[in-house]
Amino acid sequence: MKSWFYVAAAVLGIGALPGVSAAATIDLYFTVNPIRVCNDAGASCTTVNTFSAQTQKIYEQAGVAPVFLPTTQINSTASLSVPSVSNVAVAGNGQSSDSATINMWFVQNMPSSSGTLFGEAFVGGNGVAINTSAVNSFNSGVGRMDTVAHEMGHNFGLGHTTFGAGGANNLLTAGSTRSIPGGIGDITPDGAALDQLTAAQITQLRSSSFMRSVPHVTVDINGSTPFDTNNFFKVTFSSGSTSFLKSMTIDLAPVNAFFDPTNSPPGLAGSPFQTSSLVGLLNSDITASGNTDGSKKLTLNFANNAFTAGDSFDFGIDIDKDNCIDCFGATPQELAGALFSFTFSDGFGSQAAMSGTSFLADSTDIMNVLPFDTSLLQTPPGFIPPVGTIGPQDPVLPEPGSVALLGLAFSALLAARRRKEGRTPR
Amino acid sequence: MRARAVAVLIGSCLIVDSDCVASSGSVAGAGPVSAATVEGDFVPFPPARRQAVSPNGRYTLLVVSRDEWRSKRATAQLLEAGRIIWERELPQEHGPRYFLVGNDGQAVLFDEWANVKSRHAIMLIDSRRKLERVYPFDAVAAILETPVRAIVERAKGGWWLEGPPSLDATHQVVLAATAGRCLVLDLRTGDISAPRPWPPSCRQPG
C-alpha cells in the first residue's frame, strides 16, 4: 500500500508534482457496472455518459482508477423515472454478480419539486443513480461532469460534511455549494483545481471494500545492451496474486524505432524474439504477435492462468531506430518513452511509459487506464462479468398464443448460453 | 445537504437503517449495502420570484420563473413605479446568483445559480437597454490578475464571488469581493477594474 504517499500529497498540496499529471501512480482500482435503463419494450433508453476521463482524473489524486465495465441494459419503465436510488437498487435490477462492483443506474429522471437531484448514492453501500437528463444537459449541455465521481465517493463512505468535505473545490461537497468544472482542465491538479479530495477522504476511500490492488508488473531494461539477445527485457510480476497477465504490448512508435527479428528488410541484420530465465511459466505459455520486420508493435500473449505474481522471464529481440537501421541497436536510453500496455485477467488494463531515469515500465505508474477489453468476458479467472439485458421487473403475462413462441425463444437462449459456457477456457 | 434514511429491499430482507437481521449485510449482486442512508448531488431551486429595489426606491428588478422551474429559464423585468420598462429572458440557468439595481435603473446580474464557470459572470443592462455589457469569468479573472485556482478557492457560492456584491455610497459603483480583492463595476461606463488598494467598503463581514 502506498496510501501514505497520497495522504501526504493531499496534505502538502503536491498533486501537481512534476510528472504526476503525465503519469500517475495507481495502485488500486475499482469496477463499475453502468446500467442503462430502457422502457419495458427495450426502447427509449437513457444515454449513458460515465464521464470516464474526468472520473479517472479526479480519482488519480488518490492513486485509484475506475474501470467501467460494459453497459448492462435493463428494460424497466418503472426504473426510468425514480425519486431515489433506493427505487432502482432492488434485487434483480441489473446488478453485477460481483458484490464488489459498484452498480450505477443511469435513469431518465429523478423528479424533485424543490430542486434538481443530479444523482444519489448509498453512503458506504453499493448503488448509485444518475439523473441523465439533468446531468447531460447541465451548463448548456457541457454536462455536470463530476456527479458520477461524487456519487461513487458516497459508496466509498464519504459524506457531504465528513472527512473534511465542505469547501467549494472539494468533490464531496454538497451540490448547492460545490463549484462544478466546465472542462477536464478545471479538475485538480490543473486549472481551477476543482474536485479535490482531502487526506482523510483519500484514506477512507482507499480502505473501501470496493478497492482492488492493481497487479504489479515491471519491465526492466536498466543496464541492458543491444548484445542481450534474449535478456534485454526483464519482465517481473511482483504482486497481484488473484490475477494473471493476459497480454503485454510494446509500442515503439513514440521512440521512432521498430522491431527487426529477421534478416529481411527494412533491417538486414535482425535478431529474433528469444526468451530466457523463465520462472513460473513456460516458453509455450508465451506467444508473440507483431514480431515482423518493420513492426512498431510487439504483443506478447500469455496462456490463461500462466503468468502471475512471483513469475518472471527475460526476452530480447532486435530493435532498430528509424534513422539508424542495422546500427548497433537501440539502447535503454533510446527506448525511454516507449509505451507498454498491460492487460490483466481481472479486467484491469494500463499503459505505462519506459522511464528515462529508472528504465522501468511499471503497470502501476500509469499513463492511461485502458478501456475494458470485452474479450476478457470469456476469461473468468478473477473476473465476474456483469449480467446482460434484464427484462421488466413486472413482466406482462403473454397472450396464450405467444407462449409457444416464448418457449421456442427460451430454448434457443438456453442453448446459446450452454454453448457459451462450453467455451469457457481453463 | 440531502440525506435521509431509506428502506432498501435486499433479497427477502427489508433493511430500515440497521434493523435488518440479514446475515451478511450484503447479497450477491447487490454489494455491501450496510448503511441505509443516501446522499445526493442536489441543488435547490432559487425562489420562483426574486426582486431587488434601487436605493432610491424608483426601480425594481424582478427575476422570475414562469413555470416554477420546470424549465431552467428565468425572466428579468425592470419596473419603474410598477410599470415594466423592459423584460427579457435570461441566459443564466435558473437565473443569476445575485442581482441588484442602481438608482438610474441599471440592472446588474452576477454569475449563475449553478456554480459554474459562467459566460455571464457580470451582466449590466441600463434602463433603456442602450448600455449592455457582459463579462465572462475569464475576463474577471484577467482583471484580477490572480490564478484561477486562487480565485475559486476563496469563492463562496460560484467560482469567484466571496459574497453578495453591493453598491457603494455614491450608488454609481458596484463592489464585489473576490480573491481577497475588490472588483469594481462602474455603472456609468460598464467598465470593471480591480484597484489597489481596494475600497474598504468592499470587505465582507467576517
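**Entry 1: a strand pair in chain B, and its sheet**

I began with strand β11 (residues 122-125) of chain B, which pairs with β12(B) in the antiparallel sense over four bridges. I then looked up the partner of I122(B) in β12(B) and found Y135(B) across the bridge. I note here that I am working from a predicted model.

Widening the view, I traced an open sheet of four strands in chain B, in the order β9-β10-β11-β12, with antiparallel pairing. Its edge strands are β9 (98-101) and β12 (132-135) of chain B, each of which pairs on one side only. From one strand to the next I find a twist that averages 10°.

**Entry 2: the second open sheet of chain B**

I next followed another open sheet of four strands in chain B, ordered β13-β14-β15-β16 and paired antiparallel. At the edges I find β13 (166-167) and β16 (192-193) of chain B, each pairing on one side only. Strand β15 (residues 181-186) of chain B is joined to β16(B) by two bridges, and these strands run antiparallel. Looking along β15(B) towards β16(B), I noted that L185(B) stands opposite I192(B). Against this sheet packs helix α1 (residues 137-144) of chain B, which touches β14 (173-178), β15 and β16 of chain B, and whose direction makes about 120° with that of β15(B).

**Entry 3: the run β6, β7, β8 in chain B**

I looked up strand β6 (residues 59-64) of chain B and found six bridges joining it to strand β7 (residues 75-80) of chain B, the two running antiparallel. Within that pair, T60(B) stands opposite L79(B) in β7(B). On to the next partner: β7(B) also pairs with strand β8 (residues 83-89) of chain B, in the antiparallel sense and over six bridges, and there T75(B) stands opposite E89(B). The hairpin of β7(B) and β8(B) has two residues between the strands, and I noted that A81(B) takes a positive phi near 50° in it.

**Entry 4: where the chains meet**

I then turned to the contact between the chains, which takes 39 residues from chain B and 50 residues from chain A. On the side of chain B that touches chain A, the elements giving two or more residues are β2 (7-10), β4 (37-44) and α2 (148-154) of chain B. The largest share of that side, eight residues, comes from β4(B). Sorting the side of chain B by class, I find 22 nonpolar, 10 polar and seven charged residues.

I also checked how β4(B) meets chain A, and found that strand β6 (residues 115-122) of chain A pairs with β4(B) in the antiparallel sense over seven bridges. In this pairing across the chains, G119(A) stands opposite D41(B). I recall as background that strands of a sheet pair through backbone hydrogen bonds, either parallel or antiparallel.

**Entry 5: a helix and a serine in chain A**

Helix α2 (residues 52-60) of chain A is mostly covered, for seven of its nine residues are buried. I listed these as Q54(A), T55(A), Q56(A), K57(A), I58(A), Y59(A) and E60(A). The buried residues of α2(A) pack against β1 (24-25), β3 (64-68), α4 (147-155) and β22 (368-369) of chain A.

Is S277(A) buried or exposed? I find S277(A) exposed, because 11 other C-beta atoms lie within 10 Å, and the cut-off for exposed is 12 or fewer. S277(A) lies in strand β13 (residues 274-279) of chain A, and, its neighbours within four places in sequence left aside, S277(A) is in contact with N231(A), F313(A) and D314(A). I also took the separation of S277(A) and S96(A), which are 181 residues apart in sequence and 40 Å apart in space, C-alpha to C-alpha.

**Entry 6: the chains as wholes**

I closed by looking up the totals for each chain. Chain A comes to six helices and 22 strands, and buried residues make up 49% of its 426 residues. Chain B has two helices and 16 strands, and 40% of its 206 residues count as buried. Taking contacts between residues at least 6 apart in sequence, I find that 72% of those in chain A join residues at least 24 apart, while in chain B 38% of such contacts do so.

Notes: Residues numbered from 1 in each chain as written. Chains lettered and ligands numbered in written order. Predicted model: local features only at pLDDT ≥ 70, side-chain atom pairs only at ≥ 80, totals over all residues. Buried ≥ 20, exposed ≤ 12 C-beta atoms within 10 Å, placed from the backbone. Contact = placed C-beta atoms within 7 Å. Pairing = 2+ DSSP bridges. Axes fitted to C-alpha atoms, helices over the stretch in contact; angles between N-to-C directions. Nonpolar A, V, L, I, M, F, W, Y, C, P; charged D, E, K, R; others polar.
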